[in-house]
Amino acid sequence: IATLAGAIYTFLRFYQIALILRLYLTWFPNLNIYSQPFFTLVKLTNPYLRIWRGVMPPVGALDFSPIMGFMIISFMEDICATLAGYR
């Protein structure tokens with residue numbers, strides 16, 4: 001089970017980096033997110049963020065759903081790291 005937990009932990013770390021890059025892209029409105037390589041990043045992260053947007057809709061112009069998404073990923077990373085013996 002430690003090997004599986006380690007693999008899931010590694011995947012979650014990479015996915016968290018992809019989410020961070022995706023959030024940074026939103027700070028640059030002149031960037032066309034529908035061109036490559038940004039579009040691939042958007043397609044990878046949109047399904048996960050869409051889940052949390054349904055739970056926590058935007059408040060005005062602020063979207064707090066990524067915060068919830070990061071909290072869940074961090075929680076899952078902690079569990080997997082403990083099971084894999086990383087911590």
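**Figure 1. Three salt bridges appear in this predicted model**. The count of three rests on a cut-off: a side-chain nitrogen of Lys or Arg must lie within 4 Å of a carboxyl oxygen of Asp or Glu. The next three views take the pairs in turn.

**Figure 2. Arginine 13 pairs with glutamate 77**. Their closest N and O atoms are 3.3 Å apart. Arginine 13 sits in helix H1, which covers residues 2-25, and glutamate 77 sits in helix H3, residues 65-84, so this salt bridge ties together parts that are 64 residues apart in sequence. Is each partner buried or exposed? Arginine 13 has 36% relative accessibility, so arginine 13 counts as partly exposed. Glutamate 77 has 4%, so glutamate 77 counts as buried. For glutamate 77, the cut-off that matters is under 20% relative accessible area.

**Figure 3. Aspartate 63 meets arginine 53**. The side chains form a salt bridge, with 2.9 Å from N to O. Where do the partners lie? Aspartate 63 is in the loop between helix H2 (38-55) and H3, while arginine 53 is in helix H2 itself. The pair therefore links parts that are ten residues apart in sequence. Aspartate 63 counts as partly exposed, at 27% relative accessibility. Arginine 53 is partly exposed too, with a relative accessible area of 29%.

**Figure 4. Aspartate 78 forms a salt bridge with arginine 87**. How far apart are the closest N and O atoms? The distance is 2.3 Å. Aspartate 78 has a relative accessible area of 36%, so aspartate 78 is partly exposed. Arginine 87 reaches 59% and is exposed. The cut-off for exposed is over 50%.

**Figure 5. Eight residues make up the largest nonpolar core**. Which residues are they? The members are Leu12, Tyr15, Leu19, Tyr48, Leu49, Trp52, Phe70 and Ile73. Helices H1, H2 and H3 are the elements that each give two or more residues to this core. In soluble globular proteins, nonpolar side chains tend to be buried together.

**Figure 6. Leucine 49 has contacts from distant parts of the sequence and a place in the largest core**. Which residues does leucine 49 touch, leaving out those up to four places away in sequence? The contacts are Leu19, Arg22, Ser65 and Pro66. Leu19 is also a member of the largest nonpolar core.

**Figure 7. Another nonpolar core lies apart from the largest one**. This core has five residues. Among them are Ala5, Tyr9, Cys80 and Ala84.

Notes. Residues are numbered from 1 along each chain as its sequence is written. This is a predicted model: local features need pLDDT of at least 70, side-chain atom pairs count only at pLDDT 80 or more; totals for chains, interfaces and linings use all residues. Side-chain values use heavy atoms; hydrogens and water are left out. Helices (H or I, at least four residues) and strands (E, at least two) are DSSP runs, numbered from the N terminus. Buried means under 20% relative accessible area, exposed over 50%, partly exposed in between (1.4 Å probe, protein chains only). A nonpolar core is a set of buried Ala, Val, Leu, Ile, Met, Phe, Trp, Tyr and Cys residues joined through side-chain atoms within 4.5 Å. Contact means heavy atoms within 4.5 Å.
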